[in-house]
Amino acid sequence: MRPEDLIMKVDETIRRNGLLCAGDSVLVGFSGGPDSTCLLSVLHALRDIYRCAIHALYVNHNLRPDEIPAEIAFCKTFCEELGVAFMERSIDIVPFSKAHRVNLQEAARELRYQAFQDAALEVKANRIALGHTADDQAETFIMRLSRGSGPAGLSGIPAKRGSIIRPLIEAERREIEEFLKTRDIVPVTDSSNLKEDYFRNKVRMSVMPVLKHSNPNLLRAICHTMAILQEEERYFEVLVTKTLMKLISRKTGRRIELFLAPMESMDKVILRRVLRRAIQETEGLRGVGFGHIEDIIRLIRKGTAGSRLMLPRGIRVIREYALLVITSEEPVRIAEYQLAVPGETVIVGAGLVITASIEQDAEQMGNGRSTVLLDADRVKLPLAVRPRRAGDSFHPLGFGRTKKVQDLFVDLKVPRDERDSVPIVTSGDDIIWVAGYRADDRFKVTEHTKKFLRLGIVKGKF
């Protein structure tokens, strides 16, 4: 294969997918490895045709300190020979991985893409070119297939997404190696790509050779399938966007609330895609897999109000009366308050209000959960509201003996992530009401009660 053949092939990919326009400024992700070295070389060869400016960026992941200096030296020298401006950025993967509870690969990807975006903004590049190849496409297909991905995941890596372009996406690794060999270019070798510690490396080194031996045209066949899936995904994207816009009730960086009723009768094919899009576009929820989406659908179809799922990375899915809530926010632990009697006390963060009033007559006793009636002469003011504490116990009304608050929560199936947001109303050292669940028997109304304390709990949006 002549070097010109690969350049022509990449040019055809660029034109067919609209990856470049005349006058574009391109930032190339350049690690010094075979794929990125080939990409930079090919784009440099095409620069006059597209009249584009080219910059190269090396992202230091700080994971291979013994190899990084040599890689940077190679990249600098190579760029100097081409007359391409070279930049370097450093990212700290390990702290980010721990802080966001993601693995090193996910952390590296997120920080690397952020480094690309920042550098592109700095040099005013409107295109970011990455060196993904047809082999990467096929490996991605096999990896996602083995994990149970749906059509969206199996459609693979797009040639273009926003400002990100992948000119080598139809080039095979053997073509790239031949291109570099004929030009006497010896790229650097990333030792991490030679270890089978990572799933992609196992697929690349162990699975793909066996499949290619059985079908020499494997890459072409897989890429053809993925191209078909990408076309179908583009059609569904429009439909999903319109649907999701009507479903969102509220959204933050770590939480999304969706109207439940439309999803209960929605076709599963659309519902699956809507949920995936909703999660992908909420930064703190990314990483939810296809199997989890199926679990969420079962919760929508068969769950009841209060049902929930606990997913990896602290993500919770809660089926409320009218909403489906997907969140990675830390469970709320309420603060401590003095309860206004009479008056209303807002429990910030929990969306609750505790009401208190003194009554001379008791026409309604209350249901014992959201409203309770107690003997006002038995309580000591001021009353306080606080979250649960280790070892808390009280005398549940009608129970006949002491019970730990923790055991009450277990018996009543109060979700663990909600227990710290349950207001505990106290009189001195005594618990008089576990708000929303049970009052204390020692403060109940009797035939001798002359003055009544009515407490209530109301849920709101604050």
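The second largest pocket of this predicted model encloses about 1,400 Å³ of space. Its lining consists of 42 residues, and those nearest the pocket centre are Glu 320, Ala 350, Glu 418, Ser 421 and Lys 459. Four elements give two or more residues each to this lining: β8 (255-259), β10, β11 and β22 (452-459).

Closed space is also present. The count of cavities of 30 Å³ or more comes to 1, and the largest cavity holds about 40 Å³. The residues that line this cavity are Arg 286, Gly 287, Val 288, His 292, Leu 311, Pro 312, Arg 313 and Ile 315.

**The five-stranded sheet**

Strands β8, β10 and β11, which contribute to the pocket lining, also belong to an open sheet of 5 strands. The strand order is β7-β8-β11-β10-β9, and the pairing is antiparallel. Strands of a sheet pair through backbone hydrogen bonds, in either a parallel or an antiparallel manner. At the edges stand β7 (248-251) and β9 (308-310); each has a single partner strand, so one side of each has no neighbour in the sheet. On average, and with direction ignored, neighbouring strands are turned by 10° against each other.

Within this sheet, β10 (residues 316-319) and β11 (residues 323-327) run antiparallel and are joined by 4 bridges. One of the bridge partners can be named: Arg 316 is matched with Thr 327 in β11.

Ile 318 also lies in β10. Is this residue buried or exposed? The relative accessible area of Ile 318 is 11%, and Ile 318 is therefore buried, as the value is under 20%. Leaving aside neighbours within four places in sequence, Ile 318 is in contact with Ser 307, Arg 308, Leu 323, Leu 324, Val 325 and Asp 417. The C-alpha atom of Ile 318 is separated by 9.3 Å from that of Ile 296, a residue 22 residues apart from it along the chain.

**Nonpolar cores**

In soluble globular proteins, nonpolar side chains tend to be buried together. The largest nonpolar core here has 39 residues, and the members that touch the most other members are Ile 14, Val 28, Phe 30, Cys 38, Leu 40 and Leu 43. At least two residues of this core come from each of α1 (3-17), β1 (25-29), α2 (34-50), β2 (53-60), α3 (68-82) and α8 (173-182). Which element gives the most to this core? It is α2, with 7 residues.

Ile 14 illustrates how this core is connected. Apart from neighbours within four places in sequence, Ile 14 is in contact with Leu 19, Leu 20, Leu 43, Leu 46, Tyr 50 and Pro 167. A second core, separate from this one, has 28 residues, including Val 240, Met 266, Leu 271 and Ile 296. Ile 296 is also the residue whose C-alpha atom is 9.3 Å from that of Ile 318.

**Backbone features in loops**

Four residues in loops have backbone features to list: two follow a cis peptide bond, and two have a positive phi without being glycine. They are collected below.

| Residue | Feature | Angle |
|---|---|---|
| Pro 342 | cis peptide bond with Val 341 | omega about -5° |
| Pro 382 | cis peptide bond from Leu 381 | omega near 5° |
| Arg 51 | positive phi, not glycine | phi near 50° |
| Asn 62 | positive phi, not glycine | phi about 60° |

Pro 342 is found in the loop between β12 (337-339) and β13 (343-347). Pro 382 is placed in the loop between β15 (371-375) and β16 (383-386).

The two positive-phi residues sit in loops that involve β2. Arg 51 is in the loop between α2 and β2, and Asn 62 is in the loop between β2 and α3. Arg 51 has a relative accessible area of 59%, which means that Arg 51 is exposed, the value being over 50%. For Asn 62 the relative accessible area is 40%, so Asn 62 counts as partly exposed.

**A buried aspartate**

Asp 375 is found in strand β15, one of the two strands that border the loop of Pro 382. With a relative accessible area of 6%, Asp 375 is buried. What is Asp 375 in contact with, leaving aside its neighbours within four places in sequence? The contacts are with Phe 443, Lys 444, Val 445, Thr 449 and Lys 451.

Terms used. Residues are numbered from 1 along each chain as its sequence is written. This is a predicted model: local features need pLDDT of at least 70, side-chain atom pairs count only at pLDDT 80 or more; totals for chains, interfaces and linings use all residues. Side-chain values use heavy atoms; hydrogens and water are left out. A nonpolar core is a set of buried Ala, Val, Leu, Ile, Met, Phe, Trp, Tyr and Cys residues joined through side-chain atoms within 4.5 Å. Buried means under 20% relative accessible area, exposed over 50%, partly exposed in between (1.4 Å probe, protein chains only). Contact means heavy atoms within 4.5 Å. Two strands pair if DSSP finds at least two bridges between them. Axes are lines fitted to C-alpha atoms, for helices over the stretch in contact, and angles run from 0 to 180 degrees between N-to-C directions. On a 1 Å grid over the protein atoms alone, a cavity is a set of points where a 1.4 Å probe fits but cannot get out, and a pocket is an open set with protein on both sides within 12 Å along at least five of seven lines; lining residues have an atom within 4 Å of a point. Grid points are joined across faces, edges and corners, and a volume is the space filled by probe spheres set on the points.
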